[in-house]
Amino acid sequence: MKLNIAVLAGDGIGPEIIDQAKKVVDAVCEKKGHEAIYTEALTGAAAIDAVGDPYPEETHKVCMDADAVLFGAIGHPKFDNDPTAKVRPEQGLLRMRKQLGLYANLRPVETFPSLLHKSPLRKDLVEGANFMCIRELTGGIYFGEKGRSEDGNMAFDNCVYTREEIERILKLGFEYAMKRNKKLTVVDKANVLETSRLWRQIAQEMAPNYPEVDTQYMFVDNAAMQLIQWPKNFDVMVTENMFGDILTDEASVITGSLGLLPSASIGLHTSVFEPIHGSYPQAAGKNIANPVATVLSAALMFEYAFELKEEAEIIRKAVAASLEQNFVTEDIDKEQAKKTSEVGDWLADYIRKNG
Ligand code: IPM
Ligand code: MN
């Protein structure tokens, strides 16, 4: 099979971690008789520096023409510390999500037995935790009208959701729950927000269509607490854009490292696969960042974009083996830390030998 992959490495550690994912994809392709064809395109601060736009039209075209997008990270401190900057790298990511219609962001949270000791939570609480966070990605406060008063001393960000936007993401939530352990937690703030009340109303309308699913409703503040108290109680969680952004960062540390969590963004056009961590500028160019989240994002790409489940499993097995053998970057083991590129080479090698 020919795999047409758009590669948007982006900023910071993006290019280094993407290189490792490509090594792994190539090894799997070699093993299984596929051919990966990569088309690189600019995004983020790198694109602003080059052409003044964090998601140039040319990049969008490359994404639209591809079967899948492998995305690194975007963001640069020179923009973070300048609240007056008009053009920001993050706008590139948000425009890409909007223009590709990526309304659902899937963030699976899974614990690795060999890393349980790295979790900030007690082993008995996290052992076996395995849930799917589904974050709405193209609506809510991220995309509502925003602005400032004339004197600059008042600012607003509107949170807007339509029935159609809510229904399509909840549908995905119910469907995932059906495929998994039939438990869906709808997270909102319906005691305060009107958008949340509409979410809850629509979820209650839809729930009878999925009688086998145990549907629960949880306020986001309570969910933040429950996630670290009883992570094993979750199966599928579905929530709006900003709640999902915050809760998935929280959920990610349960596994022991933010450097491990992949994500898939799916919707109307080409799907995008990216690690949930950011561009980690302090580590850029040092060959120390953990490439595993990006490698696991490539596994999600095989599974969702190409429906090649076996290939995805080959990658996951290699990652599990590297963790078991402690062939890891410094975020996991400071004393015996391996380099980013060494981990990539190890994984590709493992796949060639064992996959
Ligand atoms: C994420 C990131 C982005 C978001 C930023 C970089 C705009 O934090 O993908 O979770 O907030 O969605
Ligand atoms: Mn985030």
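Select arginine 148 to begin the tour of this predicted model; arginine 148 belongs to strand β6, which covers residues 146-148. Is arginine 148 buried or exposed? Arginine 148 is exposed, because 10 other C-beta atoms lie within 10 Å and a residue with 12 or fewer is classed in that way. Display Met154 and Ala155 next: arginine 148 is in contact with these two, once neighbours within four places in sequence are left aside.

**The sheet**

Now select the ten strands that form an open sheet. Their order is β2-β1-β3-β12-β11-β4-β5-β10-β8-β9, and the pairing is mixed. Which strands stand at the edges? They are β2 (35-40) and β9 (214-219); each has a single partner strand, so one side of each is left without a neighbour in the sheet. On average, and with direction ignored, neighbouring strands of this sheet are turned by 25 degrees against each other.

Move to strand β4, residues 104-110. This strand is mostly covered, with five of its seven residues buried. Add strand β5, residues 130-136, to the selection: β4 and β5 pair in the antiparallel sense, over seven bridges. Then add strand β11, residues 262-266, which also pairs with β4 in the antiparallel sense, here over three bridges. Alanine 104 serves as a marker for both pairings. In β5, alanine 104 has glutamate 136 opposite; in β11, isoleucine 266 stands opposite alanine 104.

Proceed to the β9 edge of the sheet. Strand β8, residues 183-188, runs parallel to β9, and six bridges join the two. To locate this pairing, select valine 186, which stands opposite tyrosine 217 in β9.

Just before β8, select lysine 182, in the loop between α7 (163-179) and β8. Its phi is near 60 degrees, a positive value in a residue other than glycine. Lysine 182 counts as partly exposed because there are 15 C-beta neighbours inside 10 Å.

**A helix across the strands**

Select helix α10, residues 241-253. Which strands does α10 lie across? They are β4, β5, β8 and β10 (236-239), and the helix runs at about 155 degrees to β5.

Follow the chain into the loop between α10 and β11, where glycine 256 is located. Glycine 256 counts as buried because 22 C-beta neighbours lie inside 10 Å. Show Leu115, Lys118 and Ser119 as well: glycine 256 touches them, not counting residues up to four places away in sequence. A distance may also be drawn from glycine 256 to alanine 45, which is 211 residues apart along the chain; the two C-alpha atoms are separated by 29 Å.

**Helix α2**

Alanine 45 leads to helix α2, residues 44-51, in which Gly44, Ala45, Ala46, Ala47 and Ile48 are buried. What do the buried residues of α2 pack against? Display β1 (2-10), α3 (57-65), α4 (77-80) and α5 (89-99) to see these partners. Just after α2, glycine 52 has a positive phi of about 80 degrees.

**Two helices side by side**

Select helix α1 (residues 14-32) together with helix α13 (residues 340-354). They pack at an angle of about 10 degrees, with their axes 9 Å apart. That angle makes α1 roughly parallel to α13, because angles under 35 degrees are placed in this category. For a closer view of the contact, show side chains on both helices. Among the α1 residues that take part are Glu16, Ile17, Lys23, Val24 and Lys31, while the α13 residues include Thr340, Val343, Leu347, Ile351 and Arg352. By class, this contact has eight nonpolar, four polar and eight charged residues.

**The ligand and a last loop**

Select ligand 1 and the residues around it: Gly75, Glu90, Leu93, Asp245 and Ile276. This shell has two nonpolar, one polar and two charged residues.

The final stop is asparagine 287, in the loop between β12 (271-275) and α11 (292-304). Asparagine 287 has a positive phi of about 60 degrees, although it is not a glycine. Why does asparagine 287 count as partly exposed? There are 15 C-beta neighbours inside 10 Å, and this category lies between the limit of 12 or fewer for exposed and that of 20 or more for buried.

Conventions:
Residues are numbered from 1 along each chain as its sequence is written. Chains are lettered from A and ligands numbered from 1 in the order in which they are written. This is a predicted model: local features need pLDDT of at least 70, side-chain atom pairs count only at pLDDT 80 or more; totals for chains, interfaces and linings use all residues. Axes are lines fitted to C-alpha atoms, for helices over the stretch in contact, and angles run from 0 to 180 degrees between N-to-C directions. Helices (H or I, at least four residues) and strands (E, at least two) are DSSP runs, numbered from the N terminus. Angles under 35 degrees count as roughly parallel, over 145 as roughly antiparallel, 65 to 115 as roughly perpendicular and the rest as oblique. Two residues are in contact if their C-beta atoms, placed from the backbone, lie within 7 Å. Ala, Val, Leu, Ile, Met, Phe, Trp, Tyr, Cys and Pro count as nonpolar, Asp, Glu, Lys and Arg as charged, and the others, Gly among them, as polar. Two strands pair if DSSP finds at least two bridges between them. A residue is near a molecule or strand if its C-beta atom, placed from the backbone, lies within 6 Å of it.
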